[in-house]
Amino acid sequence: MDLGLAGKRALVLASSRGLGLGIARALADEGAHVLLCGRSADKLKANAEAINAAGKGKADWVEADLADAHFVDAMLKAVHEKLGGIDILVNNTGGPTPGMAEEMDAEKLYNFFQSMVVRVITLTNALLPLMKTQGFGRVLTVASSGVFEPIPNLALSNTLRGALVGWNKTLSAEVASYGVTANMILPGRIHTDRIDELDGANAKRQGKSVEEIRAASVKSIPAGRLGKVEEFAAAAAFLCSVPASYVTGTMLRVDGGASKSI
């Protein structure tokens with residue numbers, strides 16, 4: 001299938017590693033011009049060079065932190081200077097610290113709300129006029145399977161990512177007539193550094209080994225294994241594609257069948 005992404009301009013947030021980097025690579029493999037962003041200049045530079053060396057799409061990068069109050073302004077400047085416009089926005093954010101609901105204090109909740117919700121929405125709203133004017137746009141927001149089934153010890157993530165669900169659905173109806181889609185993609189247990197970190201935290205909390213935690217996790221997945229970043233990224237690339245023009249306002253689970261809800 002031709003995804004129609006050759007020459008499309010894509011900003012992928014939090015793309016120095018993990019799922020964000022996987023999505024950026026998948027889009028570039030289809031011929032897109034991707035703009036990587038994150039906190040590690042060294043990783044961003046190396047990843048952009050690797051994408052460019054592959055010779056399929058094109059990559060640029062900008063060092064930026066979602067926790068920075070000036071993040072949105074920095075992204076708008078980078079989009080203008082490095083991409084010359086925007087066709088695809090992938091809203092990806094790092095996960096907050098693990099913890100229980102009773103441990104959420106006001107300061108931590110506020111700070112993560114700013115970086116995971118407020119700046120995502122503000123940046124999207126700032127880029128939408130460009131998409132609407134050209135009659136094409138893709139807004140894809142990476143969340144978590146926790147928006148369907150809250151994940152133990154991830155109270156902050158369950159709370160804040162859940163806030164984006166209603167926003168995305170509302171937005172999708174408002175922009176659909178302009179040729180702009182807004183979807184969410186929900187990773188289950190995709191093997192990234194973040195999963196390793198969470199397994200470590202759960203092992204410490206439960207007094208078990210990381211291997212025991214990992215085995216129990218895999219046992220609960222019908223596919224019988226953790227997912228690969230490339231598998232998740234392929235699904236994301238489709239939602240950003242031209243053929244996916246009639247798919248909007250939806251949430252796609254990429255979890256190996258782990259979610260028990262319908």
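A residue is termed buried here when its relative accessible area is under 20%. By this criterion, in the predicted model, both faces of strand 5 are covered: Gly 137, Val 139 and Thr 141 are buried on one side, and Arg 138, Leu 140 and Val 142 are buried on the other. In a regular strand the side chains alternate between the two faces of the sheet. Strand 5 spans residues 137-142, and because 6 of its 6 residues are buried, the strand is largely enclosed by the rest of the structure.

Strand 5 belongs to an open sheet of 7 strands, in which the order is 3-2-1-4-5-6-7 and the pairing is parallel. The edges of the sheet are formed by strand 3 (58-63) and strand 7 (251-254); each has a single partner strand, so one side of each lacks a neighbour in the sheet. From one strand to the next, the twist averages 20°.

On one flank, strand 5 pairs with strand 4 (residues 88-91) in the parallel sense, over 4 bridges. Within this pairing, Val 139 of strand 5 is the bridge partner of Leu 89. The connection between strand 4 and strand 5 passes through helix 4 (residues 106-134), and the resulting β-α-β crossover is right-handed. Strand 5 also pairs with strand 6 (residues 180-187), again in the parallel sense, here over 6 bridges. Val 142 has Ile 185 of strand 6 as its bridge partner. A right-handed β-α-β unit is made by strand 5, helix 5 (residues 155-175) and strand 6.

Towards the edge formed by strand 3, strand 2 (residues 33-38) and strand 3 are joined by parallel pairing over 6 bridges. Asp 60 in strand 3 is the bridge partner of Leu 35. Helix 3 lies across strand 1, strand 2 and strand 3, and runs at about 150° to strand 2.

Helix 3 (residues 71-83) also packs against helix 4: their axes come within 10 Å and cross at roughly 35°. This crossing is right-handed. Helix 3 contributes Phe 71, Val 72, Met 75, Leu 76 and Val 79 to the contact, while helix 4 contributes Arg 119, Thr 122, Leu 123, Ala 126 and Leu 127. Classified by residue type, the contact between helix 3 and helix 4 comprises 8 nonpolar, 1 polar and 1 charged residues.

Backbone conformation was examined in two loops. Most residues other than glycine have a negative phi. Ala 14, although not a glycine, has a positive phi of about 45°. Ala 14 is located in the loop between strand 1 (9-12) and helix 1 (18-29). Its relative accessibility is 23%, so Ala 14 counts as partly exposed. Asn 153, likewise a residue other than glycine, has a positive phi near 70°. This residue lies in the loop between strand 5 and helix 5, within the right-handed β-α-β unit that strand 5 and helix 5 make with strand 6. With a relative accessible area of 13%, Asn 153 is buried, because the value falls under the 20% limit.

Notes:
Residues numbered from 1 in each chain as written. Predicted model: local features only at pLDDT ≥ 70, side-chain atom pairs only at ≥ 80, totals over all residues. Heavy atoms only, no water. Buried < 20%, exposed > 50% of the residue type's maximum accessible area, 1.4 Å probe, protein only. Pairing = 2+ DSSP bridges. Right-handed = clockwise from strand over helix to strand, strands pointing away. Axes fitted to C-alpha atoms, helices over the stretch in contact; angles between N-to-C directions. Left-handed = near helix turned anticlockwise from the far one by under 90°. Contact = heavy atoms within 4.5 Å. Nonpolar A, V, L, I, M, F, W, Y, C, P; charged D, E, K, R; others polar.
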